[in-house]
Amino acid sequence: MIRHGGQRHTIVGVRNPAADVPAMSRSLSARIAAAPRGLAATLASLPRGLAARVAAMPRRRQEFLSDAGLALALAAVNVGAILPYRDQLHPAWGAVLLVVAQAIPLAWRRRFPILVALIIGAARVSYDQLGIGFAPFPLGPVIAFYTIIELRGRAWRWITIVLSATAIGISEASPGHDQPYDTVIQAFIFATAWGAGLLSRATRANLLAARARAERAEAELDAESVRAAEVERTRIARELHDVVAHHVSLMAVQAEAAASLLPGKPEQAGRSVQIVGDTARQALTELRRLLGVLRAPAEPLQTTPVASLADLGPALDQVRGAGLPVELDVLGAPYPLAPSIDATAFRIVQEALTNTLRHTAAPEASVTLRYEPGYVTVAVTDRGPRRDRAAAINGSGLGLAGIAERVASCGGNLAVGPTAEDGFAVTARLPAR
């Protein structure tokens, strides 16, 4: 420690200054080169980080922060407006306090608009009544007035208009307010705030109505999607029933025939077994087509064309191979049908013949297609005793119920019931389109 000139200096150590010059120079240059980039990056990241933090806050907290910023800015503007005349303000501290009171409560204007308006209005009227002079522009009272017009109901809006008009009258009657245009300007400012508040109120109501309509539309779309899914599930279930019932019935008939023919007629029994195999493979093909729509999107779809009356020949051949002779009559000139109608007509024939195989001992059946302008009629009739007439007529199974659902979905008419020849008939009249 060295005392020099009344001061004390502490020497920690002694080094050669010349040896430190290059190192100090390099360190200083590195700091100077790195400082601007680091400072610029820090300053550039501040607004983004602040905006992200504010955006993550709840909506009410964001509104409070914006209103608090507005209140502080307006308080600074009010104080800055009267500071040049501080020598003429009596008392100056009272003037500063009252102009600050006209701004700071705006931080709570959305949560307590009535209380905030009363505090700010009282501060403004007190400022004018004390005759301090050099009053700042009434931005605080105008914003509080606007907030009530925007957020509160009709009763509070009218009460606020009456109280504001009364406060303006009291202030304009105070000393120092002897200029006529001052009253006109005050009225114009508050009228503008009233119009802006009503406009903002209407805009918010329109946005809420548009949001409600969008939510209702989305709910309706969801409901429509659910209904469409139900319809699609019903369609797939109906198709599965038709395919499985028809082919399994054929397989059962052929299996029974093979069992009865096997001891004495092996060739015919082999033919029946072959038909069973062909029918099973066809059933699997149609099941793959129906279930292909249920596969995951990444899996390839295996589909075949939709069933139609063009496939009626092979289907009738299968029934004939099962031991039921079938006659086909086409009346009228055939013309293209809508795909859904075409598939429905085919499935009606298929299901009706399946019921004949399952529930009757009929020696024969007939299929009639009648083409008329705008309509096609499908009739399937069998003749002979029925093993299970009650099940066929009352629809204890799903066959006739599925036919009825198909015809109803197409807007057609269906008639089912016994015939005079101890048979059974299914007749459906379908629109062509």
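D67, R109 and R110 are joined in a network of salt bridges. The structure is a predicted model, and the network makes a good place to start reading it. Within this group, the side chains of R110 and D67 meet in a salt bridge with an N to O distance of 2.8 Å. The two partners come from distant parts of the chain, 43 residues apart, with R110 in the loop between α3 (92-101) and α4 and D67 in helix α2. Their surroundings can be read from their accessibility. D67 has a relative accessible area of 3%, which is under 20%, so D67 counts as buried. R110, at 33% relative accessibility, is partly exposed.

In total, the count comes to 9 salt bridges, and two further pairs join strands. R383 forms a salt bridge with E364, and the closest N and O atoms of this pair are 3.1 Å apart. R383 belongs to strand β5 (residues 375-383) and E364 to strand β4 (residues 364-372), so the contact ties together parts of the chain that are 19 residues apart in sequence. Both ends of this bridge are partly exposed: R383 has a relative accessible area of 23%, and E364 has one of 29%.

The other strand pair also involves β4. Here the side chains of E372 and R429 meet in a salt bridge, at 3.5 Å from N to O. This pair links distant parts of the chain, 57 residues apart, with E372 in strand β4 and R429 in strand β7 (residues 423-431). E372 is partly exposed at 25% relative accessibility, and R429 is likewise partly exposed, at 33%.

Turning to the surface, a nonpolar patch of about 540 Å² is made by F64, L65, W108, F112, L115 and I119. Helices α2 (59-82) and α4 (113-129) are the elements that give two or more residues to this patch. One of the patch residues, F64, sits in helix α2. F64 has a relative accessible area of 34% and is therefore partly exposed, since that value falls between the limits of 20% and 50%. Helix α2 thus appears in two settings, as it also holds D67 of the R110 salt bridge.

The pockets come next. Rolling a probe the size of a water molecule over the atoms shows where empty space is left. The largest pocket holds about 550 Å³ of space. Its lining consists of 18 residues, and those closest to the centre are R59, R60, E63, R110 and L151. R110 therefore has a part in this lining as well as in the network with D67 and R109. At least two lining residues are supplied by each of α2, α5 (139-151) and α7 (180-261). Among the contributors, α7 gives the most to the lining, with 6 residues. By class, the lining divides into 10 charged, 6 nonpolar and 2 polar residues.

The second largest pocket has a volume of about 470 Å³. It is lined by 27 residues, of which A117, G121, L163, S164 and A167 are the closest to its centre. The elements that give two or more residues to this lining are α4, α5, α6 (154-172) and α7. The most comes from α6, with 11 residues. In this lining, 18 residues are nonpolar, 6 are polar and 3 are charged. For a reader setting the two pockets side by side, the charged residues number 10 in the lining of the largest pocket and 3 in the lining of the second largest.

Two pairs of positions round off the picture, each given by a C-alpha to C-alpha distance. I341 and L430 are 89 residues apart in sequence and 7.1 Å apart in space. I341 lies in helix α10 (residues 339-359). With a relative accessibility of 3%, I341 counts as buried.

For the other pair, A404 and V416, the separation is 12 residues in sequence and 9.5 Å in space. A404 is found in helix α12 (residues 399-410). A404 counts as partly exposed, at 33% relative accessibility.

Terms used. Residues are numbered from 1 along each chain as its sequence is written. This is a predicted model: local features need pLDDT of at least 70, side-chain atom pairs count only at pLDDT 80 or more; totals for chains, interfaces and linings use all residues. Side-chain values use heavy atoms; hydrogens and water are left out. Patches are made of residues with over 30% relative accessible area and no salt bridge: like charges are joined within 9 Å, nonpolar side chains (Val, Leu, Ile, Met, Phe, Trp, Tyr) within 5 Å. Accessible areas come from the Shrake-Rupley method with a 1.4 Å probe; for residues, only the protein chains shown count as cover. A salt bridge is a side-chain nitrogen of Lys or Arg within 4 Å of a carboxyl oxygen of Asp or Glu. Helices (H or I, at least four residues) and strands (E, at least two) are DSSP runs, numbered from the N terminus. Buried means under 20% relative accessible area, exposed over 50%, partly exposed in between (1.4 Å probe, protein chains only). On a 1 Å grid over the protein atoms alone, a cavity is a set of points where a 1.4 Å probe fits but cannot get out, and a pocket is an open set with protein on both sides within 12 Å along at least five of seven lines; lining residues have an atom within 4 Å of a point. Grid points are joined across faces, edges and corners, and a volume is the space filled by probe spheres set on the points. Ala, Val, Leu, Ile, Met, Phe, Trp, Tyr, Cys and Pro count as nonpolar, Asp, Glu, Lys and Arg as charged, and the others, Gly among them, as polar.
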